[in-house]
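Welcome to a short tour, to be followed with your viewer open. Load the model, colour it by chain, and select along as you read.

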Number of protein chains: 2
Amino acid sequence: MNTHPAPSERTRVRRLPARAHYDSETINGIVDAATVCSVAFQWEGSVHALPTIHWREGEHLYIHGAKGSRMLKALTTGQACVTIALADGLVMARSAMHHSMNYRAVVVYGCFEQLDEPDAKLNSLRALIEGIAPGRWEQLRPITGKELNATTVLRIPLTEASAKIRAGGVKDDEEDLGWPVWAGVIPLQTVRGTPVTEPDSVVRDAPADVVNPAAPVV
Amino acid sequence: MNTHPAPSERTRVRRLPARAHYDSETINGIVDAATVCSVAFQWEGSVHALPTIHWREGEHLYIHGAKGSRMLKALTTGQACVTIALADGLVMARSAMHHSMNYRAVVVYGCFEQLDEPDAKLNSLRALIEGIAPGRWEQLRPITGKELNATTVLRIPLTEASAKIRAGGVKDDEEDLGWPVWAGVIPLQTVRGTPVTEPDSVVRDAPADVVNPAAPVV
């Protein structure tokens, strides 16, 4: 599985390297399946991290925020580390030691760049909305120049990234296999619930692609 | 809501401070509702972050890992920033600008300490297992001294922490309320799926408290 080499030394997975993947198909799939990442950065010598919504276009991960935030300033002047983690299952072994979790995780290193060109910002925000609900962008009240100007869009290349995946069943020690406790995996899944229509929404029914999109929901 | 002051300057929420909470009841509730956090730290001048499973006992957040990992070394000698984020809903407005997310997030600053005393380590690992499946610890093949010795348990106080929460409905501009697009919230929820019993598990049915625990599952 792990046929691509790590793109850099800091990206190389140290613990359980057999679970590592460095190909963009695997990395992009995990980035797309997640809605929220954590962005770590240094600011005045201290380490900070904040969770934020993200999306992907091509070989970049995008985030956005309000103009002038401390995080956005720090990210365009220094190095960042973005983490994404999806919990896929609880692995219940016969011994405490072999309890584990099925997960898909991505770690990205690099420097963010700010999108300055209004059309580039507009296109990336459209990708964010369309990723959540395909077809929605064209139905919205059109974005204004003032709104676009107040929004900062940043992107980091997905070139210096690694994925780490655990999947499958329980790996107990041979001598514990007969121990009389249930052993197995409890899948975890994030699902979309019944939409709650705003009391003053003139359209009363949520469109089908909002309720059950083709894309993953987490 | 935000009646407790921020415990330190670096903990104070800058963006949308009305969403901030600094009381331990709110913070502990979010820590308990999440399974996975991201731990950011500095190592040789660079910023790193890794996702990991966490749990809570009293006023500490716990993580564990294998002896000698880079992260565990860095965390006991420097400052860390732990982030937790739970995505609760997609907020679909009439304008792109007012699309948002309902979420519960926690950010913790501080230094981790390593648990050295075997009984303290054992008790904390029991709390991890019991948090996932109450009553399970006593049914497992008992943990050995060698296993306990190979596991590192770290904890960080939850004293320097902040929570940030967005809940509720859409906040559109007054003049957009009549726009003919569906507006509302799509709840997101992480659920436990049908347990997958190991082919060689001598106990064939997953216990009820593993399938539907009283505690939240994310």
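A salt bridge here is a side-chain nitrogen of Lys or Arg within 4 Å of a carboxyl oxygen of Asp or Glu. Keep that in mind and select B:Arg94 with A:Asp200: their side chains form such a bridge, at 2.9 Å from N to O. Across the interface of chain A and chain B, the rule finds six salt bridges.

A word on what you are viewing: this is a predicted model, in which local features need pLDDT of at least 70 and side-chain atom pairs count only at pLDDT 80 or more, while totals for chains, interfaces and linings use all residues. Residues are numbered from 1 along each chain as its sequence is written, chains are lettered from A and ligands numbered from 1 in the order in which they are written, and side-chain values use heavy atoms, with hydrogens and water left out.

**Stop 1: the interface**

Select everything in contact between the two chains (heavy atoms within 4.5 Å). You should pick up 89 residues from chain A and 88 residues from chain B. Together the chains bury about 7000 Å², with 64% of it on carbon and sulfur atoms; buried area is the accessible area (1.4 Å probe) that two parts lose on being put together, summed over both. Now highlight A:Val47, A:Arg141 and A:Trp182, which lose the most area to chain B in chain A, together 11% of what that side buries.

**Stop 2: the aromatic pairs**

Rings of Phe, Tyr and Trp (its six-membered ring) pair if their centres lie within 6.5 Å; planes under 30 degrees apart count as stacked, over 60 as edge-to-face and the rest as tilted. How many aromatic pairs does this rule give over all chains? The count is two. Zoom in on A:Trp55 and A:Tyr62: the ring centres are 5.7 Å apart and the planes are at 20°, so this pair is stacked. Then move to B:Trp55 and B:Tyr62, a stacked pair with 5.7 Å centre to centre and 20° between the planes. Buried means under 20% relative accessible area, exposed over 50%, partly exposed in between (1.4 Å probe, protein chains only). Both A:Trp55 and A:Tyr62 are buried, and so are both B:Trp55 and B:Tyr62.

**Stop 3: the cysteines**

Looking for disulfides (cysteine sulfur atoms within 2.5 Å)? The whole structure has zero over all chains. Select A:Cys81: the nearest cysteine sulfur, that of A:Cys37, is 11 Å away. A:Cys81 has 0% relative accessibility, so this residue counts as buried.

Note on methods. A disulfide is a pair of cysteine sulfur atoms within 2.5 Å.
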